[in-house]
Amino acid sequence: MHFQLSEEHLMIQKAARDFAVNECLPGVIERDELQKFPKEQILKLAELGFMGMMVSPEYGGAGMDTISYVLAMEEISKIDASVSVCMSVNNSLVSWGLEAFGNETQKQKYLTPLAQGKKDGELYIGAFLLSEPEAGSDATSQKTTAEDKGDYYLLNGTKNWITNGNSASVYLVMAQTDASKGPKGINTFIVEKSWPGVSVGAKENKLGIRGSDTHSISFTDVKVPKENRIGEDGFGFKFAMKTLAGGRIGIASQALGIASGAYELSLKYAKERKAFGKEIMHHQAIQFKLADMATRIESSRLLCLKAAWEKDNNIDYTLSSSMAKVFASETAMWAATEAVQIHGGYGYVKEYHVERLMRDAKITQIYEGTSEVQRIVIGRSILQ
Ligand code: CAA
Ligand code: FAD
């Protein structure tokens, strides 16, 4: 066992850090305030190969490993978690799901442009549509239906809270094809946003990750060709769960980035700000906060990297990705709140960035399975 990043990993980390500082930092406060989708940033990320980082070059991807993905997600999330959630969904939910379980035709048609983040010079990204108004944590309670009509399925229903909802061209949609079969009656379909019967609801006005575009998506008698079903009949729920296990590494890394961004800003501030005749870092109460932040962040990083390493080595990573997600997201929420405290009144205003990190941190405890859901997954695994 060795705890050292390779030269290549360090280069990728630096490329992500430079990208975050040069391309994401300018305008991050305004994008958050105006809820502006970071389209320019995503197009530039695509040029770096970061929208299909782990996809094989055969399908237009960058062919990197999951460790690289964790490193890149951390660096970008330190600055702009609205950019990183878009990147995470496209990489670990949509592209990974298609590469792992799609057939050759589906990969050629959809994965190749998705991995490049572009088609004909225009933004081309995906979204993952599992949640519904009445099926969030209880994800098997799907109400969206896909009726088998012979050579196509007829899709009807509404999905909620969809990240990249308006910007995506391709949706991976979970729907019930046979309610009597329970989870085994769920399938996943590739649906194009431009098809008749697909409609995008209003953008959600959110607490955090305000740049990301979260929408409900409705389907009314949408004809989905049979060849757009992913995998065997009834594979849709397993598809969602297997894909989410990797997605949770992405969100854990996003949380890690938010926490380390908050910590780095706090350390810098504590070295500069003076109170009672000395820099506040010399007050032990502040130093202890920083020490705890550094310790919990390092623990989060190790959990993320372990889950990534397991995934890269074909070891079951369901348990470690849930552990990474619950620990890193709770660390992010706690560390970002402490960061505001360390900044005092300045922490409460936008210019110092930590209030945004605190707002952004909260979602990491909710999406891709709440902290309670991660504990369910961990609990079931350790009891087995
Ligand atoms: N791999 C393979 N199969 C799995 C699996 C996994 N990791 N987890 C469950 N399954 C299978 C089970 O084996 C079972 O199949 P069989 O009937 O053949 O045995 C089937 O799926 C049903 O599983 P459970 O009985 O465990 O289902 P459950 O109703 O108890 O729910 C749950 C389990 C873990 C709570 C699950 O519903 C869950 O993960 N909920 C959270 C949903 C979620 O994470 N949503 C995220 C949406 S995407 C998103 O949020 C993106 C974003 O924000 C950016
Ligand atoms: P509920 O499931 O109703 O949960 C409410 C509370 O009850 C939570 O605290 C939960 O942990 C708790 N709870 C529920 N069941 C249990 C239990 N058995 N034991 C203990 N506690 C329990 N979904 C997608 O499919 N695609 C996306 O791209 C996507 N992006 C999102 C972006 C944003 C900004 C948001 C807010 C959500 C997004 N989601 C997405 C949905 C997200 O995954 C769900 O919100 C999440 O899974 C929780 O579901 P819910 O909101 O219905 O809460």
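This report walks through an annotated domain, one of its helices and some salt bridges in a predicted model.

## Ground rules

Local features need pLDDT of at least 70 and side-chain atom pairs count only at pLDDT 80 or more, while totals for chains, interfaces and linings use all residues. Residues are numbered from 1 along each chain as its sequence is written, and side-chain values use heavy atoms, with hydrogens and water left out.

## The annotated domain and helix α6

An unreviewed UniProt entry places "domain: Acyl-CoA dehydrogenase/oxidase N-terminal" at residues 6–118; such annotations may be inferred rather than shown by experiment. The span is 73% helix and 1% strand, with helices (H or I, at least four residues) and strands (E, at least two) taken as DSSP runs.

Let's look at helix α6, residues 104–116. Among its buried residues (under 20% relative accessible area, against over 50% for exposed and in between for partly exposed, 1.4 Å probe, protein chains only) are Y110 and P113. A kink of about 40° lies at Y110, shortly before P113; this bend is the angle between axes fitted to the seven residues ending there and the seven starting there.

## Salt bridges

The whole structure holds 21 salt bridges, each a side-chain nitrogen of Lys or Arg within 4 Å of a carboxyl oxygen of Asp or Glu. E47 and K118 form one, at 3.2 Å. Because E47 sits in helix α3 and K118 in strand β1, the pair ties together parts that are 71 residues apart in sequence. E47 is exposed at 61%, and K118 partly exposed at 23%.

K268 and E272 also pair up, at 3.5 Å from N to O. Both are exposed, and they lie four residues apart in helix α7, so about one helical turn separates them.

Notes:
Chains lettered and ligands numbered in written order. Expected span 1.5 Å × (residues − 1).
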